[in-house]
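Here is a short briefing to read with the model open beside you. It goes through cysteines, salt bridges, helix packing and a few backbone details.

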Amino acid sequence: MIRTTSFNIFFPPILNVRELIFRLENDLSDYFVKPFNLFPLPNEAPPEFPRISASSHHGYTTLNISINSAQIVTNYDANFSNDWSKCEAYIKDRIYKVYDLLSPHFSNRLLFCGLTTDLLLDTRETTAVQQIKKSFFKLEHEEPFDLSCRVTFVKDSKYYLNYLIQNQRLSSPIAVSGIPMKLIENEHQIEVNLDINDRYALNYDPQYISSKAAMDKILEITREIITKKIDKIVFDGRFD
């Protein structure tokens, strides 16, 4: 089940980004509710703090724009959560539109971009902790209560493929006061946080400039993992 995605693009600072709000409102009105929120932050505020934000018409998606980045965060309902193709089309339609509006203001010199996807899987015949232990660890004595596995690969000397695989006892992080944990926890849920980005190229190639082609590739890598590899990774411990 696909729970959330966050697509982020990072670019050289657009110091006057707040002056773009009316253009953004007009060109993104099919996706986000007008008026957009404008935050009156001082110029010396950290550049990553949002200066503009907006919410989608049905409340599932948030757009945040700072001096040096733009982010689209989406929570998926049952109509999308089991169909990556629908999620991908939704993401692509919006992030490319945002990129096209902002790119002239940073001379199309995108620094890097990335897509983070949060998934929830049910284990088959064992608990989530036992499944993660079987797939990724050799623990012979003490039994862990919680377990997580973090792995990073580099693909094509350009992309980081970051995996965080862990048991998820609660579907919501909100604690329920006065109710014993045993009554509300789920021992059969595995959370997979998948983060694909091209920051490796930025880190190791001084001449690197990201692009829409990199955004396409990040979506392609994510698609392949979610639709073809995720079960093999989680239940067999194989990343090939």
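**Cysteines first**

The sulfur of Cys113 lies 19 Å from the closest cysteine sulfur, which belongs to Cys87, and that is too far for a bond. Please keep in mind that this is a predicted model. With a cut-off of 2.5 Å between cysteine sulfur atoms, the number of disulfides comes to zero.

- Cys87 takes part in no disulfide, and the nearest cysteine sulfur to it is that of Cys113, 19 Å away.
- Cys87 is buried, at a relative accessible area of 0%.
- Cys113 also counts as buried, with 0% relative accessibility.
- As a reminder, a disulfide is a covalent bond that joins the sulfur atoms of two cysteines.

**Salt bridges between H2 and H6**

- The model has 12 salt bridges in total.
- One of them pairs Arg223 with Glu88, and their closest N and O atoms are 2.7 Å apart.
- Arg223 sits in helix H6 (residues 212-236) and Glu88 in helix H2 (residues 84-102), so this pair ties together parts that are 135 residues apart in sequence.
- The two partners sit in unlike surroundings: Arg223 is partly exposed, with a relative accessible area of 33%, whereas Glu88 is buried at 8%.
- Asp216 and Lys92 also meet through their side chains in a salt bridge, at 3.8 Å from N to O.
- This pair, too, links distant parts of the chain, with Asp216 in helix H6 and Lys92 in helix H2, 124 residues apart.
- Asp216 counts as partly exposed, at 33% relative accessibility, and Lys92 is partly exposed with a relative accessible area of 33%.

**Other salt bridges**

- Lys229 and Glu224 form a salt bridge through their side chains, at 3.9 Å from N to O.
- Lys229 is partly exposed, with a relative accessible area of 21%, and Glu224 counts as partly exposed at 32%.
- Arg3, Asp118 and Glu191 are joined into one network by salt bridges that share partners.

**How H2 and H6 pack**

- Two packed helices are described by the angle between their axes and by the distance between those axes.
- For H2 and H6 the angle is about 165°, and the axes are 11 Å apart.
- Angles over 145 degrees count as roughly antiparallel, so H2 is roughly antiparallel to H6.
- The crossing of these two helices, H2 and H6, is right-handed.
- On the H2 side, the residues making the contact include Trp84, Glu88, Ile91, Lys92, Ile95 and Tyr96.
- On the H6 side, they include Met215, Asp216, Leu219, Thr222, Arg223 and Ile226.
- The salt-bridge partners named earlier, Glu88 and Lys92 of H2 and Asp216 and Arg223 of H6, are thus among the residues that make this contact.

**Backbone details worth a look**

- Most residues other than glycine have a negative phi, and most peptide bonds are trans.
- The peptide bond from Lys34 to Pro35 is cis, with omega near -5°.
- Pro35 is placed in the loop between helix H1 (21-27) and strand S2 (37-38).
- Ser107 is not a glycine, yet has a positive phi of about 55°.
- Ser107 belongs to the loop between H2 and strand S6 (112-122), and at 53% relative accessibility Ser107 counts as exposed.
- Asp156, not a glycine either, has a positive phi of about 60°.
- Asp156 lies in the loop between strand S7 (148-155) and strand S8 (159-167).

Conventions:
Residues numbered from 1 in each chain as written. Predicted model: local features only at pLDDT ≥ 70, side-chain atom pairs only at ≥ 80, totals over all residues. Heavy atoms only, no water. Salt bridge = Lys/Arg side-chain N within 4 Å of Asp/Glu carboxyl O. Helix = DSSP H or I, 4+ residues; strand = E, 2+ residues; numbered from the N terminus. Buried < 20%, exposed > 50% of the residue type's maximum accessible area, 1.4 Å probe, protein only. Axes fitted to C-alpha atoms, helices over the stretch in contact; angles between N-to-C directions. Parallel < 35°, antiparallel > 145°, perpendicular 65-115°, else oblique. Left-handed = near helix turned anticlockwise from the far one by under 90°. Contact = heavy atoms within 4.5 Å.
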